[in-house]
Structure formats: structure tokens, C-alpha cells
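Hi,

Here's the structure I promised to pass along. Have a look, and my notes follow underneath.

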Amino acid sequence: MSDWKIEIERCPEDRKQPIPTDGSKLGFGRLFTDHYFEARFHREKGWGEATIRPRGALGLDPAAMCLHYGLEVFEGLKAYRSKTDSIHLFRWRKNAERMVRSAERLVMEPVPVDLFGAGVKALVELEKDWVPGMEGCSLYIRPTLVASDPFLGVRPADEFLFYVLCSPVGAYYASGFKPTRILVEEEDIRAAEGGLGEAKTGANYAASLRAQRRAQKAGYTQVLWLDAKEHRYCEEVGTSNIFFKIDGKVVTPPLAGTILPGVTRDSVLRMLKHWDVPVSEEPIAIEDVLAAAEAGTLEEAWGTGTAAVISPVGVFGYRGKDITVADGAVGALSQKLYDALTGIQYQRDPDHFEWCEKVC
Ligand code: COI
């Protein structure tokens, strides 16, 4: 147990929402559970006021710095229901540690890892009936840290609100575990060296929306970002990291400051190494991906993310042409990774890596 004292104010029975039972209708991020967790930080008092309460409006001043200067960082992790109805979190510490690094980049007060863990676990335990048992569904958890000082000058903040929401979800893409169509983006960039690229902060997602909208209007699922300097090296896809399998070898862009250090990315790297699949983290130019497709050696490509899990890429759109990845279907390694990862997450398979923690 943790040392954080968490007050619980329960939602009255008559305000509770019905818990959905049809997994195919869940989608992603539209429904929220009845309670949320919050804790506040004041420079003189430190962290305190940890509370779980009925979900409702946040007490935030209209002058709160997060609303003016983007002082916000967040995380995404999931809780899974096993066949025996136990509830497990997947690698929550990795998310807590990344949130510390994201906060430090924006000169925000990092949420202590044990406060993050205590809040997430207490909330998931209270909301355990909301963790879906349907295939491919889970409880998505959104820890969020915002600067709450009412102040309009530009300086690092002194007051913070950390809160956690839960949302029962199905597949992130409406198409489910099907090959996606990814447009290579050559105009906008997601992040430049020295910028915010490796922090999980709303600004990176705001920067992505114009290109995402263009891609979706043109019939693609998401964009593949290229590097900011040369518009040549692959970075990441929409809300996922990207992997390619070329001529038997897997390659993914390195964590060089501009891409998100994904928890699923790390899990995939560890599984591939465990299976002795040759894998490297190195810069990969888009022309090399296209040349491999032309030569018939681009065997697979897939995105990885907490929300997207493993999302196979069927087509890359580039300069008006569609380049199909192998035969455009889900590749054998993408399928194997999806099965192995979800096997661990849903407790179907032994958790050799010790990635899951039982909550209740
Ligand atoms: C996640 O995979 O958890 C993400 O944060 C993606 C999200 C922005 C939808």
C-alpha cells in the first residue's frame, strides 16, 4: 500500500451511468466512468488533497496557466480484465516515469511515481466494474497534469492539478485490427530537435491536427511524420511509433529527442529481442522504405501505441502514389506481436517479463 491518503466521495447511485456491455459500440475515448482522481500541488504545501470524487467540472480559474500557455502533460495506460475477472495494469511505472520526464521538459512539478500509482490503482479498483471483459476492450486511463496558477505572465508555474480519468475503450481505429493507410507528410512537422517531441504534451497533438485532417480527407488513416530538418527520416505515425520489417530485419527510428518513447514500442523491442528477431533502432529514410517496397523486401510495417496496440500498415501514400506493403494484408510478425502482447495483457499467457500488476 502507498502512504498517500486518498479521500473518497462516492457518486450517488442515482447519478451512476449504465455500464456498457456491447464492446463493438465502445470506440475510443467517448465514455467516461463515474469517478475521477485528483491531487493538487502548491509550492509551499507540496502535494496533497488527494481525492476520488464523482466526475464533473474541474475547479480551474479561467486565468489558469494551462489554458494560456499549454502547460499540460498527460499519459495513457490501460487496465485489463482477465478470464478469471482479476484486473491488471500494464507497465504503469513506465508511464509514471515518462510523465516525470514530460513534466521536467515543461518545467512543471513532476507527479511523484508513487502518487501516480496510488491514484491510478485506487481509481481503477473503485471503477473495476467498468473494466470491459469483451475481446479487444480495456479501461483506458488518462493521467493528466496541468498548471493551475491564475497568472498571465510567462514563467514556470507554482500550482498544479493532477487528475486521472478512466474510459472503457475498444479499438482506437474504427477499422479495428486491420491494415491502415498512412500518408507520408512532407509539409508540416510534428517536432524539431530541441523542441517538445519526446514529451507527452498536448502541443504535439495540436501540431499534428492540420496534417491529420488533410490525410483523412484524402482517404488515409493517419500520417507518417518525417524529420524537421531534411523531411527525409521517418519519425512516428499519428499516435504511434513506427516499425518496418525489411528483408528479415526490423528497424524503428531511435529515441533521439523528437519522438515519443512509447511503452508499447519498448515492449515490442523487448519481445523481438527475446525471440531473436534481428532488430535495430536507427534512422530510416523514407526513400529506403520506398526502395524496399519496390524491390519487394518491405515485408511489414506497423505502428505501436497504448491506444493503437499494434496497428499494421497496409499502404503508404507518397507524392500522389499508393505504395502497398507486401500484399497489403496483416503481416505474420505484426500478428504474432499483437497476439503475444495482448496474451500477456489479458493474462492468457505467462507474463515472463513481469509487466502486469494485479490491482484487484
Ligand atoms: C496512447 O496511445 O495512449 C495515446 O496517448 C494516444 C492518444 C493521444 C489517443
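First thing to try in your viewer: which residue of strand 11 does L224 stand opposite? It's V237. Bear in mind that this is a predicted model.

**Around strand 10**

L224 belongs to strand 10, which covers residues 222-226. That strand is mostly covered, with 5 of its 5 residues buried. Its side chains split two ways: Q222, L224 and L226 point one way, while V223 and W225 point the other way, and all are buried.

Strand 10 has a partner in strand 11 (residues 234-237), where 2 bridges join them and the two run antiparallel. Strand 9 (residues 180-184) is joined to strand 10 as well, this time by 3 bridges, and that pair runs parallel. Here L224 turns up again, since V184 stands opposite it. To get from strand 9 to strand 10, the chain passes through helix 4 (residues 202-217), and this β-α-β crossover is right-handed.

**Rings**

I also went through the aromatics, and there are 15 aromatic pairs in the structure. One of them is F41 with W47: the ring centres are 5.3 Å apart and the planes sit at 55°, so the pair is tilted. Edge-to-face would need planes over 60 degrees apart. How accessible are these two? F41 has 6% relative accessibility, so it counts as buried, and W47 is buried too, with a relative accessible area of 15%.

F41 also pairs with F160, with ring centres 6.1 Å apart and planes at 55°, so that pair is tilted as well. The F41–F160 pair links distant parts of the chain: F41 is in strand 2 (residues 35-42) and F160 is in strand 8 (residues 159-169), 119 residues apart. At 1% relative accessibility, F160 counts as buried.

Elsewhere, ring pairs link F28, Y140, Y172 and Y173 into a cluster.

**Charges over rings**

Two contacts here that you may want to pull up on screen. R181 lies over the face of Y220, at 4.6 Å from the ring centre. And what does the charged end of K336 sit over? That would be the ring of W275, with the charged end 4.2 Å from its centre.

That's it from me. Shout if anything looks odd on your side.

Cheers

Terms used:
Residues are numbered from 1 along each chain as its sequence is written. This is a predicted model: local features need pLDDT of at least 70, side-chain atom pairs count only at pLDDT 80 or more; totals for chains, interfaces and linings use all residues. Side-chain values use heavy atoms; hydrogens and water are left out. Buried means under 20% relative accessible area, exposed over 50%, partly exposed in between (1.4 Å probe, protein chains only). Helices (H or I, at least four residues) and strands (E, at least two) are DSSP runs, numbered from the N terminus. Two strands pair if DSSP finds at least two bridges between them. A crossover is right-handed if, with the strands pointing away from the viewer, the path from the first strand over the helix to the second runs clockwise. Rings of Phe, Tyr and Trp (its six-membered ring) pair if their centres lie within 6.5 Å; planes under 30 degrees apart count as stacked, over 60 as edge-to-face and the rest as tilted. A charge sits over a ring if NZ of Lys or CZ of Arg is within 6 Å of the ring centre and within 35 degrees of the ring normal.
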